[in-house]
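How might a reader new to a protein model find a way through it? The paragraphs below offer one route, taken step by step.

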Amino acid sequence: MESWDVVVVGAGPAALRAAIASADAGSSPLMIDAQGTGAASGGAPTAGLAVSIEETDSSAHLEDTIAAGGESVNKEAATRICSQAVSTLAELERWGLVLRRTDAGLPHASDAPGHTRPRMTGCGDSTLREVTRILEEQAIKRAIPRRTDIVPISLVMDNKQVRGIVALDLMSGKIVSIQAKAIILATEGHQGMWSDPSEGSGPGSALAAQAGVGLSGMAYTPQHALSMSGTGLKLPFDLLGSGGRLRREDGEDVGPEAVLEGEQCVLDLRFLDSEAAVWFAQTSRRVKDRAGLDISTEVIPLSSSVAETTGGAPVDEHGRVTFENGSMWFTGLYAAGRSAHTGMHGSGLLAGNILLEDLVGGNSAGQHAGGWASQADFASSSSIEAATEGAESQLNDLSSGTGDPVSRVSNSLTSIMSAVNGSRDEASLAKAAKSLSDLCNSGMVLSDNSRVMNTELATALRLQGMLTLAETIVSAED
């Protein structure tokens, strides 16, 4: 069994920023994730970074955030995160991020739905990719070790205190046990529940829920209006501030709410600003590859879809996972990004705030975890040994038990959650709860019992976590 001060679970901006901050705070962090280096930057971005570039302060940004999220917004969290946007962007620039700029040399800020002022910054449709690359470079400079093809199975907790984590090493097929003083959950969201597990299975939130953490914000599932119909491709809101226009089929200009309400709408990029074209070349290629459309001459049919999720483990300003309405802490357990629920977004979502929250939350969790773990001692490893035995039994049940094939469980879960699709209608939720209970009781079995590089086994483990999250969603209170 190996031991580390801090284990960061995840691969995206929140996880990378947490690992960097943890190392800078004096600890020895280890990053683990089921994918390879750079994999987190491969998804299509939904927005850049919301930053108050040419504003005296972040008060208007805060007001727009509250307007988008409603009364359920945690105003303290929103204030704290919005106020750190400018310093967060400046730090990324110091580390080498090449931003789209104005003729005056300032970072380019464009309009975006929900924003009362131009505030969307970044690198066009490459913002997520470039931010991830910059953070990976910083992690490498700090010699932060990283293990890929590691699928987390369970957190090890003892009396509401972290002891470590148990995971499956896909390369060797063996279960690995890691003792840790602190663990930071900073994985992808659970948006794949409405499409495919590969789109996001929410492993961080699932690990927390399975360890007894009461998740928050799970009743809210924000929809992304710029999804290309029939393909699942998500397009960035930044396009609307660079000449792109949303229209009904009759040509009338509309806002994103028309798409969210189910109207037949298109995205017209035929008159995209000439200087902006180079910043959205990736979008042009993706649309061409997926649908065969030329954005310079054709419009893009739209539908709404779930692009990212905002519910997760409840955290305080330091990223500590809390219980008893925030008054107590699961000692040593932290969450950031899509694994955390800060309350910043409320029941809605302001474009550009997701990446901002990932970076600010990752930094906060990493700073506190790094400082705390550098002073803490390792506890007994007996609970980790017991959890390892439990993981062995879990894998054996998947290999030798009875139940539905993995693919059928995945399709059934998607069907159940798509029928709900954000609705809080009591009858729909009750029906979904019954269907989920039946699906869980039917079990799941593998067609391939090998453990080495068995992607079906990895999917099955993710699905078990997603079923836990699905049950949490349908039972969540608004």
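What follows moves from a helix near the start of the chain to the nonpolar cores, then to the charged pairs, the backbone angles and a patch on the surface.

The model is a predicted one, and every value given here is computed from it. A convenient place to begin is helix H1, which covers residues 13-24 and has 12 residues. From its first C-alpha to its last, helix H1 reaches 16 Å, close to the 16 Å expected at 1.5 Å a residue. Helix H1 is mostly covered, since 10 of its 12 residues count as buried; among them are Pro 13, Leu 16, Arg 17, Ile 20 and Ser 22. Just after helix H1 comes Gly 26, where phi takes a positive value of about 105°.

From this helix the reader may turn to the interior. The largest nonpolar core holds 69 residues, and within it Ile 183, Leu 413 and Met 417 touch the most other members. Helix H13 gives this core its largest share, 11 residues. If residues up to four places away in sequence are left aside, Ile 183 touches Val 7, Val 9, Leu 155, Val 162, Gly 164, Ile 165, Gly 332, Leu 333 and Tyr 334. There is also a second, separate core, made of 42 residues, and Leu 16, Leu 92, Leu 135 and Ala 139 are included in it. Leu 16 has already been met as one of the buried residues of helix H1.

Another covered position is Ser 410, which is found in helix H11, residues 406-420. Ser 410 counts as buried because its relative accessible area is 9%, which is under the 20% limit for that class. Again leaving aside residues up to four places away in sequence, Ser 410 touches Pro 197 and Leu 463.

The charged side chains come next. Side chains of opposite charge can pair when their charged atoms come close. How many salt bridges does a search of the whole structure find? The search finds 27 of them, and a few repay a closer look. In one of these, Glu 55 is joined to Arg 117, with the closest N and O atoms 3.7 Å apart. This pair links distant parts of the chain, as the two residues are 62 residues apart: Glu 55 sits in the loop between strand S3 (49-50) and helix H2 (59-69), and Arg 117 in the loop between helix H4 (85-94) and strand S4 (120-121). The partners also fall into separate classes of exposure, for Glu 55 counts as buried at 13% relative accessibility, whereas Arg 117, at 41%, is partly exposed.

Another bridge brings together the side chains of Glu 252 and Arg 248, at 2.9 Å from N to O. Here Glu 252 is partly exposed at 43% relative accessibility, and Arg 248 is partly exposed with a relative accessible area of 25%.

A further salt bridge joins Lys 434 and Asp 438, whose closest N and O atoms lie 2.8 Å apart. Because these two are four residues apart in helix H12 (residues 426-442), Lys 434 and Asp 438 are separated by about one helical turn. Lys 434 is exposed, with a relative accessible area of 51%, while Asp 438 is partly exposed at 39%. Elsewhere, salt bridges that share partners join Arg 245, Arg 247, Asp 253, Asp 268 and Arg 270 into one network.

The backbone deserves attention as well. Most residues other than glycine have a negative phi. Asp 149 has a positive phi, near 60°, and its place is in the loop between strand S5 (146-147) and strand S6 (150-157). Asn 159 likewise has a positive phi, near 55°, and lies in the loop between strand S6 and strand S7 (162-169). As to exposure, Asp 149 is partly exposed at 21% relative accessibility, whereas Asn 159 is exposed at 67%.

The route ends at the surface, where Met 171, Val 452 and Met 453 make a nonpolar patch of about 290 Å². Of these residues, Met 453 is placed in the loop between strand S18 (444-445) and helix H13 (455-475), and Met 453 is partly exposed, with a relative accessible area of 44%.

Technical notes:
Residues are numbered from 1 along each chain as its sequence is written. This is a predicted model: local features need pLDDT of at least 70, side-chain atom pairs count only at pLDDT 80 or more; totals for chains, interfaces and linings use all residues. Side-chain values use heavy atoms; hydrogens and water are left out. A salt bridge is a side-chain nitrogen of Lys or Arg within 4 Å of a carboxyl oxygen of Asp or Glu. Buried means under 20% relative accessible area, exposed over 50%, partly exposed in between (1.4 Å probe, protein chains only). Patches are made of residues with over 30% relative accessible area and no salt bridge: like charges are joined within 9 Å, nonpolar side chains (Val, Leu, Ile, Met, Phe, Trp, Tyr) within 5 Å. Accessible areas come from the Shrake-Rupley method with a 1.4 Å probe; for residues, only the protein chains shown count as cover. The expected span of a helix is 1.5 Å times one less than its number of residues. A nonpolar core is a set of buried Ala, Val, Leu, Ile, Met, Phe, Trp, Tyr and Cys residues joined through side-chain atoms within 4.5 Å. Contact means heavy atoms within 4.5 Å.
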